[in-house]
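Dear colleague,

I am handing over the structure below, and I would be glad if you could read the notes that follow with it open in front of you.

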Amino acid sequence: MSAPKTLQDWLQAEAPSSELAGVITTIAAACAEIAKVLRTAPTDGLAGATDHTNVQGETQKQLDVVSNDIFIKHIRQNAAISILISEELDEELHMQNQGRFAIATDPLDGSSNLDVNVTVGSIFSVLAVDPNAPDLLQPGSEQLAAGYAAYGPSTSLLLTFGKTTAAFTLSNEGVFMLDREAVQVAAQSGEYAINSARQRFWDAPTSTYVAQNIAGEEGELGKRYNMRWVGSMVADIHRILMRGGIFLYPLDSETTAKGGRLRLLYEANPMSLLLEAAGGAASTGHGRILDVVPTDIHQRVPVIMGSSAEVARLDALYAKAK
Ligand code: AHM
Ligand code: MG
């Protein structure tokens, strides 16, 4: 049996350049530190909200701010990273160096779940930029790397450079160890994830898709479905990467004005790259998420992602509704 591989072993073999490997090492160190802080946050006085509202109009949790600060601290130590885009920062942060990489992150996604000790995560995307004229509004297909850390019973790190998706687990010694070299998302699945309390806002394709699932064996698909929804994108996408399924946050009548609920640069794009590299699919209902050209760093987007056959089924309903 060969020796277990560390993240560093994997990066040495898989990273397109040593600079990019260094960027991932920096992000992984930030995630490991956030994992440590989260473990004892409630007794460290870190539970609860701040009196500050972020650019999304959401009240920041103390741990949103702490996680964002941890990202900034680590990124400042790596001169290859010149820009940080974060859900928690109104504007992008320039590091005043000549680094050729930009990071976009949701430093603590799903933070509304913190008080109930459910899996939350950090999502990140790595872009190439010219430090003198940075273009941050690149489609997701241009991402150099993407990933997330899921802070659950164990801390998982999922990473892709666009070709395969690898999974790591954080050891008690603080080292990310490889546990799956090439995650594969099953094309077919019987699990779907959507906030069904929003049913009254749904459009016709989403309503039809969910109604077909609920009809189960007795319906036109002749197949049973189960619904699973954590309400934490990282936890829901992690389940889908591990055992298939579909995650939906489509455009609905309430989110239309904003363009959707989830953010393109640091939520939808990194998750889309991870899923596509694992054989899954990611769509807005009208095309590939990775092809959307952003107009704003905090832009929102409709999200339909997971097992390819399920995404194709909903895409077909959108095409029919045109
Ligand atoms: P956040 O970045 O403010 O945590 O919001 C993102 C979260 C996702 O993790 C989750 O899938 C979704 O928002 C939950 O939305 P809802 O509040 O409709 O359940
Ligand atoms: Mg968040």
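A salt bridge is taken here as a side-chain nitrogen of Lys or Arg within 4 Å of a carboxyl oxygen of Asp or Glu. Please keep in mind throughout that this is a predicted model.

By that rule Arg198 forms a salt bridge with Glu254, the closest N and O atoms being 2.8 Å apart. This pair links distant parts of the chain, since Arg198 sits in the loop between β11 and α4 (204-215) while Glu254 sits in the loop between β13 (246-249) and β14 (262-263), 56 residues apart. The two partners can be described separately in terms of accessibility: Arg198 has a relative accessible area of 13% and is therefore buried, whereas Glu254, with a relative accessible area of 48%, is partly exposed. Salt bridges that share partners also join Glu191, Asp236, Arg239 and Arg243 into one network.

Within that network, Glu191 deserves a closer description. Glu191 forms a salt bridge with Arg243, the closest N and O atoms being 3.0 Å apart, and the pair links distant parts of the chain, with Glu191 in strand β11 and Arg243 in helix α5, 52 residues apart. Arg239 likewise forms a salt bridge with Glu191, and here the closest N and O atoms are 3.8 Å apart; Arg239 lies in helix α5 and Glu191 in strand β11 (residues 191-193), with their positions 48 residues apart in the chain. Both Arg239 and Glu191 are buried, and for Glu191 the relative accessibility is 15%, which is why Glu191 counts as buried. The count by this rule comes to 14 salt bridges.

As for the region itself, the UniProt annotation "domain: Fructose-1-6-bisphosphatase class 1 C-terminal", from an unreviewed entry, covers residues 187-318. Over residues 187-318 the chain is 36% helix and 15% strand, and the end C-alpha atoms are 19 Å apart.

Turning to the metal, which residues coordinate the magnesium ion (ligand 2)? Glu87 (OE) and Asp106 (OD) coordinate the magnesium ion, at 2.7 Å. Glu87 is in the loop between β3 (81-86) and β4 (93-94), and Asp106 is in strand β5 (residues 101-109), so that the pair, 19 residues apart, links distant parts of the chain. Glu87 is buried because its relative accessible area is 4%, and Asp106 counts as buried because its relative accessibility is 0%.

Asp106 also appears in the record, where the UniProt annotation "binding site" (unreviewed entry) covers Asp106, Asp109 and Glu267. These residues span 162 residues in sequence, yet no two of their C-alpha atoms are more than 8.5 Å apart, so they gather at one spot. The lining of the second largest pocket includes Asp106, Asp109 and Glu267. Asp109 lies in strand β5, and Asp109 is buried because its relative accessible area is 6%.

Finally, on the surface, Val116, Val118 and Val230 form a nonpolar patch with about 200 Å² of accessible area together. Val230 is found in the loop between β12 (226-227) and α5 (233-243), and because its relative accessibility is 31%, Val230 counts as partly exposed.

With kind regards

Methods
Residues numbered from 1 in each chain as written. Chains lettered and ligands numbered in written order. Predicted model: local features only at pLDDT ≥ 70, side-chain atom pairs only at ≥ 80, totals over all residues. Heavy atoms only, no water. Patch = residues over 30% accessible without salt bridge, like charges linked within 9 Å, V, L, I, M, F, W, Y side chains within 5 Å. Areas by Shrake-Rupley, 256 points an atom, 1.4 Å probe, with all protein chains shown as cover. Helix = DSSP H or I, 4+ residues; strand = E, 2+ residues; numbered from the N terminus. Buried < 20%, exposed > 50% of the residue type's maximum accessible area, 1.4 Å probe, protein only. Donors = N, O, S within 2.8 Å, 3.2 Å for Na, K, Ca; no water. UniProt positions renumbered as here; feature names shortened; annotations may be inferred. 1 Å grid on protein atoms, 1.4 Å probe; cavity = no way out; pocket = protein on both sides within 12 Å on 5 of 7 lines; lining within 4 Å.
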